[in-house]
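Here are my notes on the model you sent, set out as numbered points. I have kept to the charged pairs, one helix and one strand.

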Amino acid sequence: MKKILAVISVLLCAALLFGCTPAAQSAPDGARTVTDYTGRVVSLPADVERIAALGPSALRLLCYAGQAGRVIGVEQFEKELTVTKPYTYVHPELAELPVIGQGGGGGGSAFTEELVRLKPDVIFAAYDRQAADTLQTQTGIPVIAVSSYGVFAEETDFSLSLIGEVLDCTERTDALISYTAACREDLAARTADIPEAERPTVYAGGVGFNGPHGFDGTHAHYPPFDAIGARNVVDETGETGAFLIELEKVLAWQPDVLFLNPENLYLVNEDYARNPDFYNSLTAVQQGEIYAQLPYNYYSTNIELALADAYYAGCVLYPEQFADIDIAEKADEIFETFLGVPFYEELAASGYRFEKLVIGADVQ
């Protein structure tokens, strides 16, 4: 009986060991294994020099990590150079690389034949577990799943650390993680002692998601506001993330300060032309308390833009606590940390400035 129990015990241990990570495999001689964002154990060659990036956030994280020079293939979507997607804008050479996918989430847009032809050592993909397994099986190339949603997201730190481990650039990725954490702590500390009654109420409009939106496009638990403890009026709806709000609710809330996305200001102005009474009934409009928030979600989160937004919101809402911050200088500090270059002038030249806005005026 004891022998039977011992055999059962061994079998159970084996099942637990191998059954929970179907992607796990023994590393061949000279290779190594890493555990990716989805929990898959992936076997890698000892040296990784040629890499490919697929899905939202993969290429961005590689650029942040200073590894754009190792990328040998990108998605068609990443070839579009725009200032609101800074990581590609500052690396125009990426647009000249072969196309390895159409772009988008889910893993269905990868060009497997082109990947096999290019033979990257590793594919970094913002895919789920099943999509990553499928692509690895189809190409025979190690696929490492990464993720980055949100400016202070744990999965971003994990994915940056993973990239640092795989590509031997931990000094760089650790510095990025530490810098982001320091910004989070600084933003929170500056506003921690402000009584709730002394915090102005705020509303973010013109927030883009699944396409552009006007004044009714908003965001509950908007990360730049959360970072400074701002009183976001839409948080009381129980929603999370971006959604469309009924304008009557904003009128009832009468937020003290409005923040709008300059990219979608034309939609706000078009709606103003149709419904000026609504806008002119808002106290913030009457008092000119309307400011810019730069769009930071473009194929996942552009962390540098979101951090700059948080500091600007702090400067507007709590001028005493942020009196030492010159927003253009702070933004460039953030941009140089993540992108390697100052970038605020480039944004401003394209109409993305931290400044007061006027509803109803022609877009400049």
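1. K85 is buried, its relative accessible area being 0%, and E78 likewise counts as buried, at 3% relative accessibility. In this predicted model K85 and E78 form a salt bridge in which the closest N and O atoms are 3.0 Å apart.

2. How many salt bridges does the model contain in total? By the rule applied here, the count comes to 11 salt bridges, of which the pair K85 and E78 is one.

3. A further salt bridge joins R231 to E196, with 3.7 Å between the closest N and O atoms, a value to be read against the cut-off of 4 Å. Because R231 belongs to strand β10 (residues 231-232) while E196 sits in the loop between α7 and β8 (201-205), this pair ties together parts that are 35 residues apart in sequence. R231 itself counts as partly exposed, its relative accessibility being 28%.

4. D133 and R40 form a salt bridge whose closest N and O atoms are 2.8 Å apart. This pair links distant parts of the chain, since D133 is in helix α5 (residues 129-139) and R40 in the loop between β1 (32-35) and β2 (41-44), 93 residues apart. As for their surroundings, R40 counts as buried at 0% relative accessibility, whereas D133 is partly exposed, with a relative accessible area of 23%. Through salt bridges that share partners, D36, R40 and D133 are joined into one network.

5. Helix α7 (residues 170-191) is made up of 22 residues and reaches 32 Å from its first C-alpha to its last, which is close to the 32 Å expected at 1.5 Å a residue. Which elements do the buried residues of α7 pack against? They pack against α2 (58-64), α6 (154-167), α8 (223-227), α13 (303-317) and α14 (327-339). Among the buried residues of α7 are T173, L176, I177, Y179 and T180 in the earlier part of the list, and C183, L187, R190 and T191 further along; a charged residue, R190, is thus included in the buried set.

6. Strand β9 (residues 217-220) is covered on both faces, with G217 and H219 buried on one side and T218 and A220 buried on the other. Strand β9 is joined by 4 bridges to strand β11 (residues 241-244), and the two strands run antiparallel. Within this pairing, A220 of β9 stands opposite G241 in β11.

Key: Residues are numbered from 1 along each chain as its sequence is written. This is a predicted model: local features need pLDDT of at least 70, side-chain atom pairs count only at pLDDT 80 or more; totals for chains, interfaces and linings use all residues. Side-chain values use heavy atoms; hydrogens and water are left out. The expected span of a helix is 1.5 Å times one less than its number of residues. Buried means under 20% relative accessible area, exposed over 50%, partly exposed in between (1.4 Å probe, protein chains only). Contact means heavy atoms within 4.5 Å. A salt bridge is a side-chain nitrogen of Lys or Arg within 4 Å of a carboxyl oxygen of Asp or Glu. Two strands pair if DSSP finds at least two bridges between them.
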